[in-house]
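Work through the exercises below with the sequence and the coordinates open. Each task is followed by a stepwise solution.

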Amino acid sequence: MPILNIRGFNMNYEVVGDTGPFVALTTGGRRGYAEFIPFAHKIAAKGFRVVLHDRRNTGASDVVIEGQEGEEEIAADDLMALLAHLNALPAYIGGTSSGARMSMLVYLRHPHNVKGLLLMRITGGDFAAGRLPEMYYKQFIRAAQEGGMAAVCATEQYQERIKANPKNLDYLMNMDPAHYIRVMSHWLDIFLQGPRKPVLGMTDEALRSIQVPTLVVPGNDNTHASVNGLAAAELIPGSELYNLPIEDQDVPLLPFSAWSEQEPELAQALADFMHRVEARAH
């Protein structure tokens with residue numbers, strides 16, 4: 001897959017589809033884009049070019065433990081730089097979970113470059129707010145405190161990053177653990193700021209300020225409770241709500257692969273929405 005130096009780091013990305021409007025989709029958590037490839041092909045078959053990428057610190061892209069802004073703000077600007085390089089702006093921006101939060105940040109930071117938002121599996125509520133700081137930051141800060149960078153590299157997530165991009169091992173092992181702890185603690189502090197619901201870290205005022213066509217597809221687990229998707233759709237002016245034929249499950253987190261049977265319907269819903277937006281624009 002192509003590797004491009006974006007804003008000082010090597011980004012792994014892929015464009016699925018040859019013609020049509022551009023749509024950028026971002027996965028959740030710190031997962032690489034590979035889980036979205038089958039989904040992207042389904043959307044591309046309906047007349048779109050789908051941009052997938054591994055954010056910094058995910059997939060085969062470089063690990064970069066630097067930055068004064070929060071990770072999702074940094075990732076939003078990275079995606080804009082990639083789309084600008086591809087001459088893909090303005091574009092539809094979307095994703096699941098943290099990818100949906102990042103998509104909203106892309107709009108808030110670069111509104112004129114966004115044709116519409118595709119927000120799936122919105123994260124919010126006390127359960128998510130209590131669980132995600134540990135997942136994203138606290139476990140790695142503890143590892144660095146207790147065993148230095150070797151302990152960080154031994155964690156499952158960083159083993160995945162190193163396997164996908166072996167250069168990440170040298171980068172991490174050459175880092176001062178105190179610097180790693182300082183940056184991760186700073187990102188944790190930013191992550192803990194702001195509201196817990198309906199969208200983690202996003203104020204109601206920010207949601208009401210969204211002025212582009214928006215499609216909301218609620219999730220169905222405790223981290224992506226459907227109630228938060230429904231509430232976000234109520235707050236975003238003129239947004240459309242699409243409910244998949246799924247039921248809420250009392251489990252901490254369902255992987256995107258749990259929606260594999262719904263992928264054809266979901267791809268059709270997203271494509272129909274974007275086609276309607278394109279038709280109104282023309």
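**Exercise 1. Sort the lining of the largest cavity by residue class.**

Solution. The model is a predicted one.
- Step 1: list the lining. The residues are G29, R31, S97, R131, L132, M135, Y136, T223, H224 and L253.
- Step 2: assign classes. Tyr counts as nonpolar and Gly as polar.
- Step 3: read off the result. The lining divides into 4 nonpolar, 4 polar and 2 charged residues.
- Step 4: add the volume. The largest cavity holds about 70 Å³ of space.

**Exercise 2. Describe the second largest cavity: what is its volume, and which residues line it?**

Solution.
- Step 1: count the cavities. There are 2 cavities of 30 Å³ or more.
- Step 2: take the volume. The second largest has about 50 Å³.
- Step 3: list its lining. R30, N57, F140, Q157, Y158 and R161 line this cavity.
- Step 4: find the main contributor. Helix α5, residues 156–164, gives the most to this lining, with 3 residues.
- Step 5: sort by class. The split is 2 nonpolar, 2 polar and 2 charged.

**Exercise 3. Characterise the largest pocket: which residues are the closest to its centre?**

Solution.
- Step 1: take the volume. About 430 Å³ of space lies in the largest pocket.
- Step 2: go to the centre. Of the 25 lining residues, E71, E72, E73, R101 and F191 are the closest to it.
- Step 3: assign helices. α2 (71–85), α3 (98–109), α4 (126–154) and α7 (177–192) each supply at least two residues of the lining.
- Step 4: sort by class. The lining of the largest pocket has 10 nonpolar, 8 polar and 7 charged residues.

**Exercise 4. Classify the ring pair F36 and F256, then place it in the chain.**

Solution. A pair of aromatic rings is described by the distance of the centres and the angle of the planes.
- Step 1: count the pairs. The whole structure has 9 aromatic pairs.
- Step 2: apply the angle. F36 and F256 lie 4.9 Å apart centre to centre, with 65 degrees between the planes. Planes over 60 degrees apart count as edge-to-face, so this pair is edge-to-face.
- Step 3: locate the partners. F36 is in the loop between β3 (22–26) and α1 (37–44). F256 is in the loop between β8 (240–241) and α10 (263–281). The pair links distant parts of the chain, 220 residues apart.
- Step 4: check burial. Both F36 and F256 are buried.
- Step 5: widen the view. F36, F39, F256 and W259 form one aromatic cluster. The charged end of R121 sits over the ring of W259, 5.5 Å from its centre.

**Exercise 5. Are Y136 and Y137 buried or exposed?**

Solution.
- Step 1: set the cut-off. Buried means under 20% relative accessible area.
- Step 2: apply it. Y136 counts as buried because its relative accessibility is 7%. Y137 is buried too, at 3%.
- Step 3: add a charge. The charged end of R30 sits over the ring of Y137, 5.2 Å from its centre.

**Exercise 6. Describe the surroundings of S61: where is its place, and what does S61 touch?**

Solution.
- Step 1: locate S61. Its place is in the loop between β4 (49–53) and α2.
- Step 2: check burial. S61 has a relative accessible area of 0%, so S61 is buried.
- Step 3: list contacts. Not counting residues up to four places away in sequence, S61 touches F9, N10, M11, N12, D54, R55, R56, N165 and N168.
- Step 4: compare positions. S61 and I162 are 101 residues apart along the chain, and their C-alpha atoms are separated by 9.9 Å.

Notes
Residues numbered from 1 in each chain as written. Predicted model: local features only at pLDDT ≥ 70, side-chain atom pairs only at ≥ 80, totals over all residues. Heavy atoms only, no water. 1 Å grid on protein atoms, 1.4 Å probe; cavity = no way out; pocket = protein on both sides within 12 Å on 5 of 7 lines; lining within 4 Å. Points joined across faces, edges and corners; volume = space filled by probe spheres on them. Helix = DSSP H or I, 4+ residues; strand = E, 2+ residues; numbered from the N terminus. Phe/Tyr/Trp six-rings, centres within 6.5 Å; stacked < 30°, edge-to-face > 60°. Buried < 20%, exposed > 50% of the residue type's maximum accessible area, 1.4 Å probe, protein only. Lys NZ or Arg CZ within 6 Å of the ring centre and 35° of its normal. Contact = heavy atoms within 4.5 Å.
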